[in-house]
Amino acid sequence: MINNVVLVGRITRDPELRYTPQQNQAVATFSLAVNRQFKNANGEREADFINCVIWRQQAENLANWAKKGTLIGLTGRIQTRNYENQQGHRVYITEVVADGFQMLESKSGTKQNDESQNNTAPNFARDTPRDIPGTEISDDDLPF
């Protein structure tokens, strides 16, 4: 079975970071606005707003580095769950559980002489191959 998701979009509100009560695991929830590939009848692009959750160190990294409006790419999987609310109705939730993310633009407003900042955004993706010959990708290779 395959359940893989790759999304590129902008965070719609600051990630909400919490910790689980028993194991003190970090978990962040956020929503990602992802543009559709086609335009509507008025010639405008519409977006889907996708609920996401990310765990542990990745959650802390996201909460510390990414804010509302930040463009990120993420990988993960779709998860569904349900529960019964106080009114006795069954509520179904579909969300993306992110494994890792990468900021796709550098932070704005950084000082040029700040030695702790550089022009590249940090890469928080897991298992990202680095410095492997033949992995160079040009802008022409990207589907977006």
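This report walks through the fold, the strand pairing, one buried stretch and the salt bridges of a predicted model.

## Ground rules

Because the model is predicted, local features need pLDDT of at least 70 and side-chain atom pairs count only at pLDDT 80 or more, while totals for chains, interfaces and linings use all residues. Residues are numbered from 1 along each chain as its sequence is written, and side-chain values use heavy atoms, with hydrogens and water left out.

## The overall picture

The protein chain has one helix and six strands, where helices (H or I, at least four residues) and strands (E, at least two) are DSSP runs numbered from the N terminus. Along the sequence they come in the order β-β-β-β-α-β-β.

Of the chain's 144 residues, 26% count as buried. Here buried means under 20% relative accessible area, exposed means over 50%, and partly exposed is in between (1.4 Å probe, protein chains only). The accessible surface comes to about 10800 Å², with 45% of that belonging to carbon and sulfur atoms; these areas come from the Shrake-Rupley method with a 1.4 Å probe, and for residues only the protein chains shown count as cover. As for contacts (heavy atoms within 4.5 Å), take those between residues at least 6 apart in sequence: 55% of them join residues at least 24 apart.

## Strand β3 and its partners

Strand β3 covers residues 26-39, and it has several partners to look at. Two strands pair if DSSP finds at least two bridges between them. β3 runs antiparallel to β1 (residues 5-11), with two bridges joining them; Arg 10 has Ala 33 of β3 as its bridge partner. With β2 (residues 16-19) the pairing is again antiparallel, over four bridges, and here Leu 17 is matched with Ala 28 in β3. On to β4 (residues 45-55), which is antiparallel to β3 and joined to it by 10 bridges; Asn 35 sits opposite Ala 47 of β4.

Two of these pairings are hairpins. β2 and β3 have six residues between them, and β3 and β4 have five, with Gly 43 in the turn showing a positive phi of about 80 degrees.

## Buried spots: Leu 32, Ser 31 and the helix

Leu 32 lies in β3 and counts as buried because its relative accessibility is 0%. Setting aside neighbours within four places in sequence, its contacts include Leu 7, Ile 11, Phe 49, Ile 50, Cys 52, Ile 72 and Leu 74. Leu 71 is 39 residues from Leu 32 in sequence, yet their C-alpha atoms are 9.0 Å apart. Next door, Ser 31 is also in β3 and is buried at 6%. With the same neighbours set aside, Ser 31 touches Arg 10, Ile 11, Thr 12, Arg 13, Phe 49, Ile 50 and Asn 51.

Helix α1 (residues 56-65) has Gln 58, Ala 59, Asn 61, Leu 62 and Ala 63 as its buried residues. Their cover includes β1, β2, β3, β4, β5 (71-84) and β6 (90-103).

## Two positive phi values

Most residues other than glycine have a negative phi. Asn 24 goes the other way, with phi near 55 degrees; it is in the loop between β2 and β3 and counts as exposed at 54% relative accessibility. Arg 56 also has a positive phi, near 55 degrees, but its place is in helix α1, where it is partly exposed with a relative accessible area of 48%.

## Salt bridges

The structure holds six salt bridges, each a side-chain nitrogen of Lys or Arg within 4 Å of a carboxyl oxygen of Asp or Glu. One of them joins Arg 18 and Glu 16 at 3.5 Å, N to O; Arg 18 is partly exposed at 37%, and Glu 16 is partly exposed at 40%.

Another pairs Glu 46 with Arg 36 at 2.9 Å, N to O. That pair links distant parts of the chain, with Glu 46 in β4 and Arg 36 in β3, 10 residues apart. Glu 46 is partly exposed at 33%, as is Arg 36 at 28%. Arg 90 and Glu 84 make a further bridge, their closest N and O atoms being 3.6 Å apart; Arg 90 is partly exposed at 43%, whereas Glu 84 counts as exposed at 51%. Finally, Arg 36, Glu 46 and Asp 48 are joined into one network by salt bridges that share partners.
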